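Student: I've got a model open and some questions about how its helices pack. Can we go through it together?

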Amino acid sequence: MTNTSRTDQSNFSACDDGLSAFLRMRPRLFGIAYHMLGSAAEAEDVVQDVWLRWQTTDRSVVRDAAAFLATTATRLAINVMQSARARRETYVESWLPEPVDASADPGLEAERRQALESGVLLLLERLTPAERAAYILREAFDYAYRDIATILGFGEATARQVVTRARQHAAGGRRMPASSTEHRRLLDSFVAAAQHGDVDDLEGLLASDVVSISARAAAA
């Protein structure tokens, strides 16, 4: 009985150690996956897959549990990025990660902010002001085409064409220079709209950029 009790206690301890190590790393694992994928749902899927891998791993040969779990999360996230489904998708989540509640984890908040900054910069570099405005309003905030047309000052059919071109260019490799001032203005305005519903300022900023470019083109 004594030997059996000791064995049972040892097995319980091993299981507990595995769970404890995973729970300690869970916020970091989510942050790694979220930063790479830009999707809270996909990041959660990766974390669950890491847990399944961790359960079937011989932990007695793992010298550094934190490093093992982080490496596993990174590799699984890369697999998701390279999957056929991920390659087919060209929606805005690729460039503008969805907001998540990161108030309880400053590290996750930093990851989310960095992902947003990268996404906004890509849109500045890859899309014209008209494409960027139509793309953000349609894909990030689900505006109807007629509303996009009204805000930006062109017809509904044109709005559809501009969004289509924007999707193609967002997935492409062309790059245009973007100033740090433009980047900061658009980032702050987008965050305010996404988190606090302050869409009026975002609409105004996007529309003014389109008008400014059109005016310069007409003057030239």
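**Helix H7 and the cores**

Tutor: Sure, start with helix H7, residues 145–152, where Tyr 145, Ile 148, Ala 149 and Leu 152 are buried (under 20% relative accessible area, 1.4 Å probe, protein chains only). Down the axis of H7, these buried residues fall within an arc of 100° (taken from the directions from the axis to the C-beta atoms), so they line one face. The model is predicted, with local features needing pLDDT of at least 70 and side-chain atom pairs pLDDT 80 or more, while totals for chains, interfaces and linings use all residues. Residues are numbered from 1 along each chain as its sequence is written, and side-chain values use heavy atoms, without hydrogens or water.

Student: Which exposed residues does the face of H7 turned away from its buried side carry?

Tutor: Exposed means over 50% relative accessible area. An α-helix has 3.6 residues a turn, so residues three or four places apart point the same way. On the face turned away from the buried side of H7, the exposed residues are Arg 146 and Thr 150.

Student: How many residues has the largest nonpolar core?

Tutor: A nonpolar core is a set of buried Ala, Val, Leu, Ile, Met, Phe, Trp, Tyr and Cys residues joined through side-chain atoms within 4.5 Å. Ile 148 and Leu 152 are among those with the most contacts inside the largest one, and its size is 31 residues.

Student: Is Thr 72 buried or exposed, and at what relative accessible area?

Tutor: Thr 72 is in helix H3, residues 65–82. Leaving aside neighbours within four places in sequence, it contacts (heavy atoms within 4.5 Å) Val 50 and Arg 53. Thr 72 is buried, at 10%.

Technical notes:
Helices (H or I, at least four residues) and strands (E, at least two) are DSSP runs, numbered from the N terminus.
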